[in-house]
Amino acid sequence: MIDQSKCEACPVHNTGNLKRLGINMDKFDFVVALAGNPNTGKSTVFNNLTGLKQHTGNWPGKTVTRAEGGFEFNNSRYKLIDLPGTYSLLSTSTDEEIARDFILFGQPDVTIVVVDATRLERNLNLVLQVLEITERAIVCLNLMDEARRRYIEIDERTLSRDLGIPVIPTEARQGIGIPNLLTAIDEVVNGKFICKPYRITGTSKGLAKAVEYITEKIKRQFPLLPNARWVALRLLEGDQKIIDAIRSGEISGIAKRNSVEENFAAV
């Protein structure tokens with residue numbers, strides 16, 4: 001006979017106060033975005049938290065599939081949005097555009113970036129881009145079992161210190177680390193963990209002045225636009241989609257379409 005107490009104590013089942021809500025997302029307290037490169041186990045993390053095999057629809061005005069689900073933890077209800085898998089947020093594809101616009105304009109309460117522990121250097125490109133957009137983020141360091149098999153060692157505490165955000169090692173297929181991920185989510189959204197994300201700073205004083213000047217102009221023209229600094233950086237880098245959206249004023253429409261209030265019915 002199986003010892004039920006031992007089963008419930010194992011990492012797969014010991015998820016604390018987690019209640020998987022599936023597609024029951026009528027009322028929620030926080031919105032969580034789930035980002036990551038393709039093939040990092042992002043969908044497995046999504047299914048672990050929501051109890052779904054993915055409930056899908058389409059993003060507004062797009063043919064790209066959108067997966068969302070709900071969960072409850074420590075008396076808070078969360079809506080989890082699984083963003084398209086992407087290697088960057090530079091808007092060179094529809095998937096990148098959707099992920100970027102939701103993190104920037106939808107302003108989720110926390111963004112989880114799922115990374116492959118066996119390809120950390122490659123995955124950090126997306127992490128650093130996310131940290132340029134939002135101050136509330138968590139790295140889910142997934143596939144740690146694969147990393148061990150390849151004799152790869154990662155000091156997650158040092159990585160967390162350097163990035164300024166929680167870094168949680170997981171093995172999502174086995175449910176290992178999911179309780180710690182839930183705790184990190186709870187601490188970030190409730191202000192118990194104050195993220196101080198690493199930001200790439202230019203050495204050129206001229207560049208810094210240009211960013212500051214453009215940021216202020218964007219704020220004056222679009223006062224409700226979140227993270228004008230990131231938009232200014234994209235303008236300086238020649239992002240044609242951002243340039244066109246600024247010129248036409250459509251950037252306000254993009255922000256509205258991706259706002260949490262617009263897309264999700266809050267409590």
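The paragraphs below go from the chain as a whole to one of its helices and then to its cysteines. The model is predicted, and its chain holds 12 helices and eight strands.

Of the 267 residues in the chain, 50% count as buried, and the surface that the chain exposes comes to about 13700 Å², with carbon and sulfur atoms supplying 49% of that area. When contacts between residues at least 6 apart in sequence are considered, 71% of them join residues that lie at least 24 apart.

Helix α4, which covers residues 120-133, offers a closer view of how one element sits in the chain. Its 14 residues should span 20 Å at 1.5 Å a residue, and because its end C-alpha atoms are 20 Å apart, the expected and the computed span agree. The buried residues of α4 are Leu120, Asn123, Leu126, Val127, Gln129, Val130, Leu131, Glu132 and Ile133, a list in which Asn123, Gln129 and Glu132 appear alongside leucines, valines and an isoleucine. These buried residues pack against three strands, namely β2 (30-36), β6 (110-116) and β7 (137-142), and also against the helices α3 (94-106), α6 (156-163) and α9 (228-236).

The cysteines can be taken last. Cys140 has a relative accessibility of 0% and therefore counts as buried, while Cys195, with a relative accessible area of 10%, is buried as well, because the cut-off for that term is under 20%. A disulfide is a covalent bond between the sulfur atoms of two cysteines. With a pair of cysteine sulfur atoms required to lie within 2.5 Å, the count of disulfides comes to zero.

Technical notes. Residues numbered from 1 in each chain as written. Predicted model: local features only at pLDDT ≥ 70, side-chain atom pairs only at ≥ 80, totals over all residues. Heavy atoms only, no water. Buried < 20%, exposed > 50% of the residue type's maximum accessible area, 1.4 Å probe, protein only. Helix = DSSP H or I, 4+ residues; strand = E, 2+ residues; numbered from the N terminus. Expected span 1.5 Å × (residues − 1). Contact = heavy atoms within 4.5 Å. Areas by Shrake-Rupley, 256 points an atom, 1.4 Å probe, with all protein chains shown as cover.
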